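Good morning, everyone, and thank you for making the time. I would like to walk through one model with you, going from the overall fold down to a handful of individual residues.

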Amino acid sequence: MKNKITEQIIEIIEKNSKEKYYEPVLLKTELEHLIKDSLMWIKIIVEVETEFGIEFDDEKLLMTEFPQLNELVEYVCHKIKEY
């Protein structure tokens with residue numbers, strides 16, 4: 001299940017990016033290398049919430065809460081289990 005969630009989150013990030021990634025996006029990839037501005041981050045949050053039927057906690061709305069993709073994936077997995 002975690003692999004599927006990871007793939008879906010990567011798809012959401014790539015869909016919202018105006019840039020082409022030339023290296024594979026891995027769990028250890030730094031989000032700051034993928035997400036260039038706060039508007040892109042907000043779009044990704046909204047789409048992740050919609051896709052997975054979850055709601056981010058207020059304190060988790062900052063990108064700095066998720067330095068690497070893995071931390072975002074783990075958070076989404078945790079939130080799915082809560083619902």
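Let me begin with a single residue, Q8, which, once its neighbours within four places in sequence are left aside, is in contact with E51 and F52. Please keep in mind throughout that what you see is a predicted model. Q8 belongs to helix α1, and because its relative accessibility is 17%, where buried means under 20%, Q8 counts as buried.

With that residue as a starting point, let me step back to the whole protein chain. The chain has four helices and zero strands, and read from the N terminus the order of elements is simply α-α-α-α. For 83 residues, a compact globule would be expected to have a radius of gyration near 12 Å, and the protein chain has 12 Å, so the two agree. Along the principal axes, the C-alpha trace spans about 35 × 25 × 20 Å. If we take the contacts with a separation of 6 or more, 61% of them are accounted for by residues 24 or more positions apart.

As for the surface, the protein chain exposes about 5,600 Å², and carbon and sulfur atoms supply 52% of that area. Buried residues, for their part, make up 39% of the 83 residues. On the matter of charge, there are 11 positive and 19 negative side chains, and the centres of these two sets lie 5 Å apart.

Let me now return to helix α1. Its 15 residues, at 1.5 Å a residue, should span 21 Å, and the end C-alpha atoms are indeed 21 Å apart, so expectation and model agree. Which residues of α1 are buried? They are I5, T6, Q8, I9, I10, I12, I13 and N16, and what covers them includes α2, α3 and α4.

I10 is another residue of α1 that deserves a closer look. With a relative accessibility of 15%, I10 counts as buried, because the cut-off for that class is under 20%. Not counting residues up to four places away in sequence, I10 touches V25 and L69. The C-alpha atoms of I10 and L27, which are 17 residues apart along the chain, are separated by 9.5 Å.

Moving on from α1, we come to the loop between α1 and α2, where S17 is found. Is S17 buried or exposed? S17 is buried, with a relative accessible area of 13%. Its contacts, when residues up to four places away in sequence are not counted, include L34 and M40. Looking back along the chain, S17 and M1 are 16 residues apart, and their C-alpha atoms are separated by 25 Å.

E19 is found in that loop between α1 and α2 as well, but E19 has a relative accessibility of 44% and therefore counts as partly exposed. E19 and K36 are 17 residues apart in sequence, and from C-alpha to C-alpha they are 9.4 Å apart in space.

Further along, the loop between α3 and α4 contains L61. L61 is partly exposed, with a relative accessible area of 33%. Once its neighbours within four places in sequence are left aside, L61 is in contact with W41, I45 and F56. L61 and E51, by contrast, are 10 residues apart in sequence and 16 Å apart in space, again taken from C-alpha to C-alpha.

That brings us to helix α4, residues 69–82. At 1.5 Å a residue, its 14 residues should span 20 Å, and its end C-alpha atoms are 20 Å apart, so here too the model agrees with the expectation. The buried residues in α4 are L69, L72, V73, Y75, V76, C77 and K79, and L69 is one of the residues that I10 touches. And what do the buried residues of α4 pack against? They pack against α1 (2–16), α2 (31–34) and α3 (38–52).

To draw this together, the buried residues of α4 pack against α1, α2 and α3, while the cover over the buried residues of α1 includes α2, α3 and α4. I am happy to go back to any of these residues in the discussion.

Notes. Residues numbered from 1 in each chain as written. Predicted model: local features only at pLDDT ≥ 70, side-chain atom pairs only at ≥ 80, totals over all residues. Heavy atoms only, no water. Helix = DSSP H or I, 4+ residues; strand = E, 2+ residues; numbered from the N terminus. Expected span 1.5 Å × (residues − 1). Buried < 20%, exposed > 50% of the residue type's maximum accessible area, 1.4 Å probe, protein only. Contact = heavy atoms within 4.5 Å. Rg over C-alpha atoms; globule rule 2.2 N^0.38 Å. Areas by Shrake-Rupley, 256 points an atom, 1.4 Å probe, with all protein chains shown as cover. Lys, Arg positive; Asp, Glu negative; His and termini not counted. Charge placed at Lys NZ, Arg CZ, Asp CG, Glu CD.
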